[in-house]
Amino acid sequence: MIAALAALLSGCAGGTKAAESGLQSVDLGSFTSDADGDLTVPFSVPASAQSALLHCGPYGLDRTGQVVSLRDGSGSALPMTGGGIRADAAADHLALLLPVSPDLPLAGGDWEAGLRISGGQLTVSCGLLYRPVAVDASGGLPTVDLHVIFVGAEGAVSDLNATGATVNAPFQQAMEELRLRWSPALALGEVRYSDLYPEDIGLGDGSIRSAEDLALLLRSDPDDGRTLPLFAVPSISLSPDDPGAAGGAPALPQPGTSRSGLALSVAELESDPAGVGRAWAREGLRAMGLFYPVEADGSTEDPLSDTPVCQNDIDGDGLLSAGECAGSGAENLMWWSGGSAATALSGDQAWVVQQSLWVQGG
């Protein structure tokens, strides 16, 4: 029987300043785009910073923001093609994680990001979070703490709540699978559980059926940026590609935004706890800054030199399947469709998540 993970059963308390989590927060002010939605955001990264995250928003779920140019502390332009930046095109709130890879470590100095937000002229607020010193992992792997927040999960799995989770065998099996899959790069730190009643935030039964539902849920994040929030919900029906998880990559370690954590479905927990655990592990690493080795349609790659990339669409259906990419990416934990064979992490992938702002230390 899998041993229960340590849990602190608590209600949802208010957040604290990011600085209390070992991070530094800089308010960059407001920026107004031109008629095409283009704006330039200058920011400074201290020479001592291990990792940093630029964020701008909110600008509404009906608009999409993306990074279109980036100059580093030496004035060099970073590549925008082939997945050369760690920021997805996102509604409402944009987040850009630095550094990109071991080949492009974070350089201190004056940076400049060019952003484009659809829908014409608007004004957004921007900020910078950074970790001022390296994580001390001299005693072992760096750790990530989790706050699992149950939001109507009992509607899919009987007695799955903050109290029942400690003795729920499928849930604990999924959490053990998550711990195992993270183990090449990270150690699972403190895990605490709490309940959030969906009716208290106007979320029906807790299931995520729209971008509005997801934003409403993630904005309710009760944490302080130190602990990664995982909202366990009955089901998610946003994407046919991965109905088990939803949230931005990277997530934003700052409470109250539509990128503050990720939502995870428990719909398949009893029938496939190990598979659910792998999906949770994958999406947790996406929240820390990893991308899929290659997107489902082959359009974007993660710019890591030791991570296999497949472009072998044999049947021409526009999707790279695990069968088409066996031996060239489908065995990686971050493979877009998951699967029982998707378990490996490369050394560069481990390096990226160890720079994450969610990692403890500093």
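Is Asp92 buried or exposed? In this predicted model, Asp92 is buried, because its relative accessible area is 2% and the cut-off for burial is under 20%. The residue is found in the loop between strand 5 (90-91) and strand 6. Although Asp92 is not a glycine, its phi is positive, at about 70°.

A positive phi also occurs at Asp159, which again is not a glycine; here the value is about 60°. Asp159 is placed in the loop between strand 9 and helix 1. With a relative accessibility of 52%, Asp159 counts as exposed, since the cut-off for that class is over 50%.

Two cis peptide bonds may be described next to these loop residues. One joins Gly57 and Pro58, with omega at about -5°. Pro58 has its place in the loop between strand 3 (51-57) and strand 4 (64-71). Another joins Leu98 and Pro99, with omega at about 5°. Pro99 lies in the loop that runs between strand 6 (94-98) and strand 7 (109-117).

The packing of helices was then examined. Two packed helices are described by the angle between their axes and the distance between the axes. For helix 1 (residues 169-182) and helix 3 (residues 273-287), the angle is about 45° and the axes are 7 Å apart. The two helices are therefore oblique to each other, and their crossing is right-handed. On the side of helix 1, the contact involves Pro170, Phe171, Gln173, Ala174, Met175, Glu177, Leu178, Arg181 and Trp182. These residues meet Pro273, Ala274, Val276, Gly277, Arg278, Trp280, Ala281, Gly284 and Leu285 of helix 3. By character, the residues of this contact comprise 12 nonpolar, 3 polar and 3 charged.

Aromatic side chains were considered next. A pair of aromatic rings is described by the distance of the centres and the angle of the planes. The whole structure contains 5 aromatic pairs. In one of them, the ring centres of Phe43 and Trp111 are 6.0 Å apart and the planes stand at 25°, so the pair is stacked. This pair links distant parts of the chain, as Phe43 belongs to strand 2 (residues 38-45) and Trp111 to strand 7, 68 residues apart. Phe43 counts as buried at 3% relative accessibility, and Trp111 is buried with a relative accessible area of 6%.

Phe171 and Tyr193 form an edge-to-face pair, with 5.6 Å from centre to centre and 75° between the planes. Phe171 lies in helix 1 and Tyr193 in strand 10 (residues 187-195), so the pair ties together parts that are 22 residues apart in sequence. Phe171 is buried, with a relative accessible area of 0%, and Tyr193 counts as buried at 0% relative accessibility. Phe171 and Tyr193 also belong to one aromatic cluster with Phe150 and Trp280. Phe171 and Trp280 appear, in addition, among the residues through which helix 1 and helix 3 meet.

Finally, Thr143 has its place in strand 9 (residues 143-150). Thr143 is partly exposed, with a relative accessible area of 25%. Its C-alpha atom is separated by 9.9 Å from that of Trp182, a residue 39 places away along the chain. When neighbours within four places in sequence are left aside, Thr143 is in contact with Ala187, Gly189, Trp358, Val359 and Gln360.

How values were computed: Residues are numbered from 1 along each chain as its sequence is written. This is a predicted model: local features need pLDDT of at least 70, side-chain atom pairs count only at pLDDT 80 or more; totals for chains, interfaces and linings use all residues. Side-chain values use heavy atoms; hydrogens and water are left out. Axes are lines fitted to C-alpha atoms, for helices over the stretch in contact, and angles run from 0 to 180 degrees between N-to-C directions. Helices (H or I, at least four residues) and strands (E, at least two) are DSSP runs, numbered from the N terminus. Angles under 35 degrees count as roughly parallel, over 145 as roughly antiparallel, 65 to 115 as roughly perpendicular and the rest as oblique. A crossing is left-handed if the near helix is turned anticlockwise from the far one by less than a right angle, and right-handed if clockwise. Contact means heavy atoms within 4.5 Å. Ala, Val, Leu, Ile, Met, Phe, Trp, Tyr, Cys and Pro count as nonpolar, Asp, Glu, Lys and Arg as charged, and the others, Gly among them, as polar. Buried means under 20% relative accessible area, exposed over 50%, partly exposed in between (1.4 Å probe, protein chains only). Rings of Phe, Tyr and Trp (its six-membered ring) pair if their centres lie within 6.5 Å; planes under 30 degrees apart count as stacked, over 60 as edge-to-face and the rest as tilted.
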